[in-house]
Amino acid sequence: MGFNSSVTEFILFGLTQDVEKEKIVFVVFLVFYCAILLSNSLIIITIRFSGMLGSPMYFFLFYLSFADTCFATTTAPRLIVDALSEKKVISYNECMTQIFALHFFGCMEIFVLVLMSFDRYVAICKPLRYTTIMSQHVCGILVRLAWMGSFIHSSVQVFLVLISPFCGPNVIDHYFCDVQPLLKLACMDTYVINLLIVSNTGTICMVSFTLLMISYVFILYSLSHRSAEGRKKAFSTCTSHIIVIILFFVPCIFTYTRPLVTFSVDKMVAVFYTIGTPLLNPLIYTLRNADIKKAMKKLWFKL
């Protein structure tokens with residue numbers, strides 16, 4: 001329980017209160033979640049056991065798929081179960097755990113996307129130094145730093161919630177525990193805390209998105225000097241990355257870089273980046289990547 005909280009549990013409002021619509025929610029999101037687990041697991045297993053995908057790009061893709069799977073798992077199972085539950089109750093400790101996991105794996109996904117763009121920048125703009133800069137040792141250090149940064153970020157988010165007292169209303173107008181809807185229930189002025197949260201999450205989203213866009217501007221400029229064949233292959237890879245970045249960052253920026261206000265579309269935006277993005281990422285990377293499709297076929301024909 002929090003430092004100054006008398007509330008021991010919260011009630012999640014869910015996506016809808018309509019019984020018939022909740023049945024649809026159960027079926028649709030059960031299918032989506034199973035597809036997320038299946039597709040991301042397929043990528044993880046293929047990269048792990050295929051000898052064809054040993055480059056840094058696939059090393060980072062391995063962690064992106066892992067982060068996607070865990071990120072979706074922080075919200076989807078509860079959404080599915082709660083769709084058939086009359087009362088959607090979550091304990092205080094479970095709520096804090098969900099916030100930590102959500103921000104940990106969400107931040108991890110952001111950092112991995114940044115690393116993937118850096119890998120593409122080095123590969124395209126500095127090809128002669130690529131193997132030196134993006135060595136296996138360097139890639140390992142970068143991923144460990146991403147884990148560390150994600151842990152610090154999520155710990156700060158949870159700490160800011162823990163110091164906020166909850167002593168009255170306990171109905172969260174959302175389908176999972178997150179910082180903004182939870183702070184609306186705090187029995188204190190949360191203006192300063194909200195500024196700290198926006199400066200934490202919002203800064204990570206905006207700075208990362210800006211860095212990503214700048215890196216791809218340099219990449220696209222560098223591609224203009226390549227041969228037609230090399231330009232086509234590199235552009236195809238970069239296009240996949242840019243699509244993923246836009247799908248993930250636009251909803252996140254909309255959610256986490258504004259004051260403590262809510263809009264009617266917040267839940268649908270949250271569905272998009274917590275479930276939609278982990279579902280679409282594997283499709284984008286496999287359908288647009290001949291090497292992964294070839295490695296999958298070769299690996300699974302052996303089994």
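Buried means under 20% relative accessible area, exposed over 50%, and partly exposed in between (1.4 Å probe, protein chains only). This is a predicted model, where local features need pLDDT of at least 70, side-chain atom pairs count only at pLDDT 80 or more, and totals for chains, interfaces and linings use all residues. Residues are numbered from 1 along each chain as its sequence is written, and side-chain values use heavy atoms, with hydrogens and water left out.

**View 1. The whole protein, with 11 helices and 3 strands.** Helices (H or I, at least four residues) and strands (E, at least two) are DSSP runs, numbered from the N terminus. Follow the sequence along and you get β-α-α-α-β-α-α-α-β-α-α-α-α-α. The C-alpha atoms fit in a box of roughly 65 × 40 × 30 Å, taken along the principal axes. A compact globule of 303 residues would have a radius of gyration near 19 Å, and the protein's 21 Å agrees with that. Here the radius is taken over C-alpha atoms, and the globule rule is 2.2 Å times the number of residues to the power 0.38. As for burial, 51% of the 303 residues count as buried.

**View 2. W147 and its contacts in helix α6.** Contact means heavy atoms within 4.5 Å. Setting aside neighbours within four places in sequence, W147 touches Y63, F66, F104, F105 and M108. W147 is still partly exposed, because its relative accessible area is 25%. C107 sits 40 residues away from W147 in sequence, yet their C-alpha atoms are 8.8 Å apart. Zooming back out, 81% of the protein's contacts with a separation of 6 or more are between residues 24 or more positions apart.

**View 3. V7, in the segment before β1 (9-12).** V7 counts as buried because its relative accessible area is 8%. From V7 to P165 is 158 residues along the sequence, but 8.6 Å in space, C-alpha to C-alpha.

**View 4. L280 in helix α10 (residues 266-287).** Is L280 buried or exposed? Neither quite fits: L280 is partly exposed, since its relative accessible area is 29%. Look for L247 too, which is 33 residues from L280 in sequence and 8.9 Å from L280 between C-alpha atoms.

**View 5. K297 in helix α11.** K297 is exposed, because its relative accessible area is 54%. T46 is 251 residues from K297 in sequence, while the C-alpha atoms of the pair are 9.4 Å apart. Take some care with this view: helix α11 (residues 290-302) has the lowest confidence, at a mean of 76, whereas helix α6 (residues 136-162) has the highest, at 94. These scores are pLDDT, the predictor's confidence in each residue, from 0 to 100. Across the protein the average is 86, and 93% of the residues score at least 70. Where pLDDT is low, the predicted coordinates should not be read in detail.

**View 6. Surface and charges of the protein.** The accessible surface is about 14600 Å², with 70% belonging to carbon and sulfur atoms; areas come from the Shrake-Rupley method with a 1.4 Å probe, and for residues only the protein chains shown count as cover. There are 23 positive and 16 negative side chains, and the centres of the two sets lie 17 Å apart. Lys and Arg count as positive and Asp and Glu as negative, leaving out His and the chain ends. Each charge is placed at NZ of Lys, CZ of Arg, CG of Asp or CD of Glu.
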